[in-house]
Amino acid sequence: MVSVLKKYEEEYGITITFSVENEPLGTAGPLALAREVLGKDDSPFFVLNSDVTCEYPFNEMVEFHKAHGGEGTILATKVEEPSKYGVIVTKPNSTMIDRFVEKPVEFVGNRINAGIYIFNPAILDRIEVKPTSIEQEVFPAMARDNQLHKLDLEGFWMDIGQPKDFLTGTCLYLSYLAKKTPELLVSPSENYVHGGNVLIHPTAKIGFGCKIGPNVTIGPNVVVGDGVRLQRCVIMEGVHLKSHACVKNSIVGWHSSVGSWSRLDGVTVLGDDVHVADEVYVNGAFVLPHKSISSNIPEPKVVM
Amino acid sequence: MNKAVILVGGPSRATRFRPLSMNLPQPLFPVGGKPILWHQIKALSQVPDMKEIILLGLFETHVFSKFLDQCSEEFPHIRFSYLREYSVLGTAGGLFHFRDQIKAGKPKNIFLLYTDICSSFPLRELLERHESGEAIGTIMVKKISRDLAKRYGCVVPDEEKKMALHYVDKPETYISDLASTGVYIFTNEIFDHIDKILAARADELEKLPKKAFHDDFDRTQDSLMLESDVLPNLASNKKLGLYITQDFWRQIKTAASAVPANGLYLNSAKQEIPGYCAEGKEGGPEIVGAVYIHPSAVVDPSAKIGPNVSIHAKSHIGAGVRIKDAIILDNVIIKDNAAIINAIVGWGGKIGRWSRVEGNPDNGDEKTDQVTSSGVKIDSICILGQDITVSDEAFVRNSIVLPHKHISSDIHNEIIM
C-alpha cells in the first residue's frame, strides 16, 4: 500500500503519512493516535472512510465549516429508506445537529452520515487512544455541545465496501465524470467505445475490434487483446485480457490474466495475480490471489 | 453374395433425438460430416461380394429416397431399397415379415445393423469369425464397464471367446461385461429358426385356456424381438458366434450423443481418409485436432476451430470465433468473437457477437442427464434446434432450445419450448 501511495505523493505534490494501529481503535481512536500529525497546527482536517464514493465536495466543506465556526462538519447524504440507518436531526432552521436517531420508526429526516467529515483539531481533546466509536460516542457529545453541523451532499453517494456495491459505485462515479469532466473519459466517438463512461489509463493498450462500455475502468499497463468485450467492470493495473474474452460485472485484480474466449460475469472478483485459462466461464467467483482457474465455475463460490 | 439389412427405426422411436429429429430423421443426421446411415453403408460397401443393402423401418417411404439415390451413385455396385413396416413387428418380426425379399438371390450372409450406433464397423473380421464356425448368427460385442452392463444385451462367451453360451437382454444383475453392439451376421437359416420359434410360441398359445387371449398376448405374438426372443434361443442352441471388437463403438441414442460420435468419426477419418479433415495453414483459421469443414462453408482466418468440430454447408463463421466439440449444421451464421463449446447449432441458426453456447462435455456412456432445480432433465450437450437466433453477448448454457426461438438473454439449464 505504501508503494502504491508513494506515486500519488509525487503526482499530486502532497505528503502521505501512515499511522498504523497495532490494535483496532474503532472509528475515533485512530485520530487520537495520530494526534501529533493532526494537531500540529490550528488548521482543520478531513476524515474519510475509505469505502465510500461520492463527488467529494471538499472546497464547499471547508467554506461551510469555516463559516459556521463549530468543531466539526458531517457530510450528509440522502437515502430512500432512512429506517435502515442512523438519521441526522438538526435544530429548527439550522445546520446545527441536534441529535442522531438510530433506525427511526417514524420519519424524522432522510439524511444520514456519509462517512466524510472535517474537524478542528479541538476534537482531539474529546478522544483518548482506546477503542472508541466516533458515531456512537464522539458525535453525540459534540451535538450536545452545539459543535457539530451537517452539510447536505448533492449527487451520488455509495458505500463500496462490497464488490457488488464497488461496481455500482464505479458506475456512479463514471457518470459523474461524464457530466463534470468528460475530457477525463475516452471520447464516445472512439470506435470501440459503447455507451460511454469508459475510463482508460493512457498506458493501457486496446486491441482491434473491441467493444468497451458502458461503465468500464482500465488501469495502467493493461493489455486488452483483439475482439474483447468489456462492460460494467474494473480492470486493475497490469492485467492482460486475451483476445475475444468477455468480462462483465466483474473486478479483475492487479496483474491477473483472462484467457481467450473466457467469460467472467455475475460479480466475479479476481484477486492479485489470478490467471484464468482460455475458454473458461466464471460466474460470481471470489478468487483469492495467485490462483489459476482452468475449468468452469458456473455457480458463485470462493476459490482459495 | 452378401446382403445387408439396416434397421432404421421410426419417427416415434427417435423422440430421444429431439429437437433435431423434428427436422431430419435421426438416421440422416450428420456425424463426422456424413449422415449416420452413410457410415454404415460405406462400411458395408467394402465387404466382399456385398450386392444389396435394405433399409427396414417405420418411416414414410419418401424419407430415404433422395439419400438412397445418392448412395446408388456413390456405391454403384450395390442395390439399395427401403422396406416400410406399417405396424410395429419387432426387430426380428420385421425381418421375418420381409424374409422373401431378404432371401431373394440366396445370399450367403445377411448383415444386420442397427442405425443408432457409431463404430469403425470391422465387418471383415466379423465375417471371418462367422464363416469360421457353424453359427447361424454371429454378434459383434464390445467390452464395457461393469456398471453399464445392465443397459445392454449381455453375452457370456465360451472359453475361446468365439461362441456365446448365454445371451440376456438388459439383465437386472451383472452377467457379463460383453455388450451387444447391434451389429450381426446371419445365415439364411435364421429364417427357419425364427419360424421354429414362432411355431413353438403358437403351440404354447394353443395349450392356454381361451380366456388368456387378450390384447397383450396378441401383441406378444405379432411382435418378435431379436434381443429377447431370437438371440437367447440361438445362444442356448450353441448357434450364436461372437466377435469382440477392440475398436471404437458407441450408441447414438440421444441428440447429445451425436457430438462424441462426431468426434469419433472425425478422428477416424483424419487417420484413414487423406484430405477429408481440414488442415491448419498459414493465414488461418487455426485448426485443432479433427475438424470437418464443408467446402461451401466460410470460416474467417482469425477463427479457432476444433477439436471434434463439423461445420456444414453454407455456414458462415465470423472473425475471432471459437468452436470446439460441436456440430454446426447448414446455413448457420456465427458472428465475431462468439464461442460454441459442447454444442449442436441447428440449421439456419444465428449466433450473435460475443455470444456463448456451451454444454457440459458428454462423458461417453456415463449417464449425464441432470435434474435441475426446476425438475427438468437436460442432456449434457447444449442443443439449438432449427432457426434459433441468439442475441449478441447472450449465453446459452446446458440448455435445449426448440426450433424458431429467439434467445435474447442468458439462459442456464433450461428447455425452451
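The following legends describe close-up views of a predicted model, centred on the contact between chain B and chain A.

**View 1. The contact between chain B and chain A.** Chain B contributes 20 residues to the contact, and chain A contributes 21 residues. Together the two chains bury an area of about 1500 Å². Carbon and sulfur atoms give 42% of this buried area.

**View 2. Principal contributors on chain B.** Three residues, B:W354, B:R356 and B:E393, account for 42% of the area that chain B buries against chain A. No other three residues supply as much of that area.

**View 3. Salt bridges and polar contacts across the interface.** Five salt bridges are found between chain B and chain A. One of the residues that form a salt bridge is B:R322, whose partner is A:E279. In this pair the closest N and O atoms are 2.5 Å apart. The interface also holds 13 residue pairs in polar contact, with both residues at pLDDT 80 or more.

**View 4. Strands and residue classes on the chain B side.** Four strands of chain B, namely β20 (322-328), β22 (339-345), β24 (356-358) and β29 (395-397), each provide at least two residues of the side that touches chain A. Classified by residue type, this side of chain B comprises nine charged, seven nonpolar and four polar residues.

**View 5. The annotated domain of chain A.** An unreviewed UniProt entry annotates residues 5-172 of chain A as "domain: Nucleotidyl transferase". The C-alpha atoms at the two ends of this span lie 24 Å apart. Helix makes up 29% of residues 5-172 of chain A, and strand makes up 25%.

How values were computed. Residues are numbered from 1 along each chain as its sequence is written. Chains are lettered from A and ligands numbered from 1 in the order in which they are written. This is a predicted model: local features need pLDDT of at least 70, side-chain atom pairs count only at pLDDT 80 or more; totals for chains, interfaces and linings use all residues. Side-chain values use heavy atoms; hydrogens and water are left out. Contact means heavy atoms within 4.5 Å. Buried area is the accessible area (1.4 Å probe) that two parts lose on being put together, summed over both. A salt bridge is a side-chain nitrogen of Lys or Arg within 4 Å of a carboxyl oxygen of Asp or Glu. A polar contact is a pair of N or O atoms within 3.5 Å; within protein, one must be able to donate a hydrogen and the other to accept it, and residues adjacent in sequence count only if both atoms are side-chain atoms. Ala, Val, Leu, Ile, Met, Phe, Trp, Tyr, Cys and Pro count as nonpolar, Asp, Glu, Lys and Arg as charged, and the others, Gly among them, as polar. UniProt positions are given in the numbering used here, feature names are shortened, and annotations may be inferred rather than shown by experiment.
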